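Work through the exercises below with the model open in a viewer. Each task is followed by a solution in steps.

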Protein chains: 2
Amino acid sequence: MATSDTSKPLRGAQARQAVLDAAGDAFLADGLRKTSIESIARAAGVSRPTVYAHFADKEDIFRTIVAKLHDEQFTAMRAATTSDGPVAGRLHAALLARFAPFVALTSSSEHGAELLDENSRVCGDITRASRTRSLRVLEQVLKDGERDGELDLAALDLTAAQAARVVYDAARGAKEDASVTPAAFRRSLQRLVDVLLRGLAR
Amino acid sequence: MATSDTSKPLRGAQARQAVLDAAGDAFLADGLRKTSIESIARAAGVSRPTVYAHFADKEDIFRTIVAKLHDEQFTAMRAATTSDGPVAGRLHAALLARFAPFVALTSSSEHGAELLDENSRVCGDITRASRTRSLRVLEQVLKDGERDGELDLAALDLTAAQAARVVYDAARGAKEDASVTPAAFRRSLQRLVDVLLRGLAR
């Protein structure tokens, strides 16, 4: 937060951000169901009406946090794919950027399983949109790999778009367990990418 | 059901099975949250006390149905892996047997997304146990493939157990979307297995 002066009430964008920060901490500490708007307002140092001035309800706050996380991960994913080096490394870095932060978050909370369930219930549309734009990025990397002679998708009768879906969904499968740790996810993803890339290689 | 004589009240195993059948239909038609024990009892032709003589609550019925489905899928999976033919085909058939029935069920219900969420909330332990025993079966197929010279896991520095986890989790990732249809899942799984097997091949 930009100020530590607690005598002035927070307003506008500052109040909104304080609510998001407090809610994010509360969701990880207590889960979504047990967290109340009242407790979020208190932790954020704002009034309940101020919370409702910015968000429709608790799920709206949750969705906003999840959407922001997806945006950050997408930015990191794009950065990974536009770096130099062989396609295999870029693909690996991209998938790590896309999925590892979620694993880190949910595994850091004893309410990780509940948060994953709520995420699937409340944020299905966000996840689908995120998949769609991630697929476009992966597709481009795979096309680059084919152009540069690293990959041979034609040998498998796959378009780059189809191969992107294979790679994306498989990587998502490696993290679908609420009990998976960041270290275990990294190992799983490394093995998966090794196998997939060997499968897609010329 | 063994009898169509509705004048005799159902008892014991027959009553239990009638409850499971009626509940399964109701969950697909209305979702878990909207289905009541009352409506299950009515559809099964038994009294509420009879339902409670066999099950603790609605979630207990749901868990019993899901566990049975896992058992059936596992039996089909084992049958697929012990058939003749190359490892690639057996692996594909095994993964199809393991995951396709769930896709067919959830995609047949307009409450598919809710049922998947409830499944993850209520049946996490069943899913984990099912993964563990499925991994053992896949591991054996992969070992066979290595022994027969079809696969080369050592080239990737993978044990059969590690490769089994890669394959299983990747296949699960191909079905994690409540909106996926059985036909789309089959296509996705086929592509995934093609890539993975090419990656694991000698």
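The exercises go from the fold of one chain to the interface and then to two single residues; the model is a predicted one.

**Exercise 1. The fold of chain A**

Task: State how many helices and strands chain A has, and what share of its residues counts as buried.

Solution:
- Step 1. Chain A contains nine helices and zero strands. Read from the N terminus, its elements are therefore written α-α-α-α-α-α-α-α-α, with helices and strands taken as DSSP runs.
- Step 2. The C-alpha trace of chain A spans about 65 × 30 × 25 Å along its principal axes.
- Step 3. Chain A has 202 residues, and 49% of them count as buried.
- Step 4. Take the contacts in chain A between residues at least 6 apart in sequence: 72% of these join residues at least 24 apart.

**Exercise 2. Annotated spans of chain A**

Task: Find which residues of chain A UniProt assigns to "domain: HTH tetR-type" and which to "DNA-binding region", then describe each span.

Solution:
- Step 1. The UniProt record, an unreviewed entry, puts "domain: HTH tetR-type" at residues 13-73 of chain A. In the model this span is 80% helix and 0% strand, and its end C-alpha atoms are 22 Å apart.
- Step 2. The annotation "DNA-binding region", also from an unreviewed UniProt entry, covers residues 36-55 of chain A. Here the chain is 75% helix and 0% strand, with 13 Å between the end C-alpha atoms.

**Exercise 3. The interface of chain B and chain A**

Task: Describe the interface by its residues, its buried area and its polar pairs, and say which helix of chain B gives the most residues to it.

Solution:
- Step 1. Contacts link 27 residues of chain B with 27 residues of chain A.
- Step 2. About 2,500 Å² is buried between the two chains, and carbon and sulfur atoms give 56% of that area. B:Arg191, B:Val195 and B:Arg198 together supply 26% of the area that chain B buries against chain A, more than any other three residues.
- Step 3. The rule finds zero salt bridges across the interface, but eight residue pairs in polar contact.
- Step 4. Helices H6 (112-122), H8 (160-173) and H9 (182-200) of chain B each supply at least two residues of the side that touches chain A. H9(B) gives the most, with eight residues.
- Step 5. By class, the residues on this side of chain B are eleven nonpolar, four polar and twelve charged.

**Exercise 4. Two charged residues of chain B**

Task: Decide whether B:Arg172 is buried or exposed, do likewise for B:Asp144, and list what each residue touches.

Solution:
- Step 1. B:Arg172 lies in helix H8 of chain B. Its relative accessible area is 9%, under the 20% limit, so B:Arg172 is buried.
- Step 2. Leaving out residues up to four places away in sequence, B:Arg172 touches A:Gly173, A:Glu176, A:Asp177, B:Phe99 and B:Arg131.
- Step 3. B:Asp144 is part of helix H7 (residues 124-147) of chain B. B:Asp144 has 15% relative accessibility, which is under 20%, so this residue also counts as buried.
- Step 4. With residues up to four places away in sequence again left out, B:Asp144 touches B:Val87 and B:Arg90.
- Step 5. B:Ala160 is 16 residues from B:Asp144 along the chain, and their C-alpha atoms are separated by 9.6 Å.

Terms used. Residues numbered from 1 in each chain as written. Chains lettered and ligands numbered in written order. Predicted model: local features only at pLDDT ≥ 70, side-chain atom pairs only at ≥ 80, totals over all residues. Heavy atoms only, no water. Contact = heavy atoms within 4.5 Å. Buried area = accessible area lost by both parts, 1.4 Å probe. Salt bridge = Lys/Arg side-chain N within 4 Å of Asp/Glu carboxyl O. Polar contact = N/O pair within 3.5 Å; in protein donor to acceptor, adjacent residues only side chain to side chain. Helix = DSSP H or I, 4+ residues; strand = E, 2+ residues; numbered from the N terminus. Nonpolar A, V, L, I, M, F, W, Y, C, P; charged D, E, K, R; others polar. Buried < 20%, exposed > 50% of the residue type's maximum accessible area, 1.4 Å probe, protein only. UniProt positions renumbered as here; feature names shortened; annotations may be inferred.
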